[in-house]
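Colleague: I have just opened this one and would like a walk through it. Could you take me around slowly?
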Amino acid sequence: MAQLVREIMIEATPETIWPFLTEPDSLVRWHGTVAEIDPRPGGIYRVLVAGQFQSAGAYVEVVPMEKVVFTFGWDEDDHPIPPGSTTIEITLHPEGDKTRVRLVHSGLPADAVDDHGRGWAHYLERLAVRVSGGDPGPDRGSAGEA
Amino acid sequence: MDAALKALAEPRRREILRLVWMRELPATDIADHFAEVTRSAISQHLTVLKTAGLVTERRDGTRRLYRADRNEMKNLRKFLDEFWTSGLERLRDVAEAAQRDKEKR
């Protein structure tokens with residue numbers, strides 16, 4: 001099993017960032033285009049990414065202003081990363097008037113990238129959008145194309 | 001790397017790559033998968049993929065067989081990272097804008 005860790009420093013308070021993690025309308029401003037989420041333990045997580053890829057999982061832990069944990073996978077037949085098969089933990093760490101946002105995506109099959117072409121489909125799509133557009137924010141763009 | 005990115009920017013070439021990811025296939029089988037596309041167009045797509053190093057070609061008599069070259073794909077592994085990196089960068093942009101709006105009020 002592999003895991004991926006990403007961090008970013010944001011000049012905003014956890015209170016400002018929190019809605020972007022837990023409210024559908026705010027979430028889709030940075031991730032996905034259609035979000036159906038119920039951020040409480042056991043609640044569903046469904047976000048349509050890049051206009052056509054349905055990610056799906058369920059919330060595991062939600063601590064306001066601090067932490068959100070949900071399972072994550074792709075809702076597609078025979079996908080090597082099925083819904084709920086991996087876990088994403090996003091934590092907010094205030095530092096002065098900034099906040100360090102840490103994302104850990106764990107439980108990824110080590111071969112998801114190397115051995116499963118279908119697992120690549122999603123990433124290739126995003127890659128292609130970036131290549132053709134060259135600008136971040138392809139999620140909203142691809143919704144317009146769909 | 002640049003050639004690989006450009007090769008992947010075309011949806012049919014991505015579909016071809018998926019077809020030959022787990023198994024080697026003759027060009028005819030690949031072409032049959034695309035009912036609405038001419039064989040010569042598929043042949044051109046295969047050439048682009050081959051030139052980009054994303055697939056390898058093997059001849060067996062008169063047949064040409066293709067399969068994905070995973071070594072080249074490994075070079076693109078970093079895209080998995082970028083998926084979340086670019087997402088978090090957008091989160092930063094929208095959250096910082098929201099913070100500035102709050103402070104203006």
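**A walk through the model**

Modeller: Let us start with B:Gln99, which is found in helix H6 of chain B; helices (H or I, at least four residues) and strands (E, at least two) are DSSP runs, numbered from the N terminus. This is a predicted model, where local features need pLDDT of at least 70 and side-chain atom pairs count only at pLDDT 80 or more, while totals for chains, interfaces and linings use all residues. Residues are numbered from 1 along each chain as its sequence is written, chains are lettered from A and ligands numbered from 1 in the order in which they are written, and side-chain values use heavy atoms, with hydrogens and water left out.

Colleague: Is B:Gln99 buried or exposed?

Modeller: B:Gln99 counts as buried because its relative accessibility is 9%, where buried means under 20% relative accessible area, exposed over 50%, and partly exposed in between (1.4 Å probe, protein chains only).

Colleague: And what does B:Gln99 touch?

Modeller: Leaving aside residues up to four places away in sequence, B:Gln99 touches A:Glu11, A:Ala12, A:Thr13 and A:Thr16, a contact being heavy atoms within 4.5 Å. The side chain of B:Gln99 also reaches the backbone nitrogen of A:Thr13 at 2.9 Å.

Colleague: Now the rest of chain B: how many helices and strands does chain B have?

Modeller: Chain B has six helices and three strands, and along the sequence they follow the pattern α-α-β-α-α-β-β-α-α. Of the 105 residues in chain B, 43% are buried.

Colleague: How are the strands of chain B ordered in the sheet?

Modeller: They form an open sheet in the order E1-E3-E2, with antiparallel pairing; two strands are taken to pair if DSSP finds at least two bridges between them. The edge strands, each pairing on one side only, are E1 (25-26) and E2 (55-60) of chain B. Two bridges join E1(B) to strand E3 (residues 63-68) of chain B, and B:Pro26 stands opposite B:Leu65 in E3(B).

Colleague: What about strands in chain A?

Modeller: Strand E3 (residues 44-49) of chain A runs antiparallel to strand E4 (residues 53-63) of chain A, with six bridges joining them, and A:Val47 stands opposite A:Ser55 in E4(A). E4(A) also pairs in the antiparallel sense with strand E5 (residues 67-74) of chain A, over six bridges, and here A:Val62 stands opposite A:Val68 in E5(A).

Colleague: What lies between E4(A) and E5(A)?

Modeller: There are three residues between E4(A) and E5(A), which form a hairpin, and A:Met65 in the turn has a positive phi of about 70°.

Colleague: Changing topic, which residues have the most contacts inside the largest nonpolar core?

Modeller: Those are A:Ile17, A:Leu21, A:Val101 and B:Leu91, in a core of 35 residues. A nonpolar core is a set of buried Ala, Val, Leu, Ile, Met, Phe, Trp, Tyr and Cys residues joined through side-chain atoms within 4.5 Å. Helix H6 (residues 78-104) of chain B gives the most to this core, with six residues. A second, separate core of 21 residues includes B:Leu17, B:Val20, B:Ala31 and B:Tyr66.

Colleague: Which residues does A:Leu21 touch?

Modeller: Not counting residues up to four places away in sequence, A:Leu21 touches A:Leu27, A:Trp30, A:Ile37, A:Tyr59, A:Val68, A:Ile90, A:Leu92 and B:Leu91.

Colleague: Last topic, then: how many salt bridges are there over all chains?

Modeller: The count comes to 15 over all chains, a salt bridge being a side-chain nitrogen of Lys or Arg within 4 Å of a carboxyl oxygen of Asp or Glu. One of them joins the side chains of A:Arg40 and A:Asp38 (3.0 Å, N to O); A:Arg40 is exposed at 53% relative accessibility, whereas A:Asp38 is partly exposed at 25%.

Colleague: Are there others worth a look?

Modeller: In chain B, the side chains of B:Asp93 and B:Arg92 meet in a salt bridge (3.6 Å, N to O), with B:Asp93 partly exposed at a relative accessible area of 44% and B:Arg92 partly exposed at 27%. Elsewhere, salt bridges that share partners join A:Glu7, A:Glu95, A:Arg100 and A:Arg102 into one network. Within it, A:Arg100 forms a salt bridge with A:Glu95, the closest N and O atoms being 2.7 Å apart.

Conventions:
A polar contact is a pair of N or O atoms within 3.5 Å; within protein, one must be able to donate a hydrogen and the other to accept it, and residues adjacent in sequence count only if both atoms are side-chain atoms.
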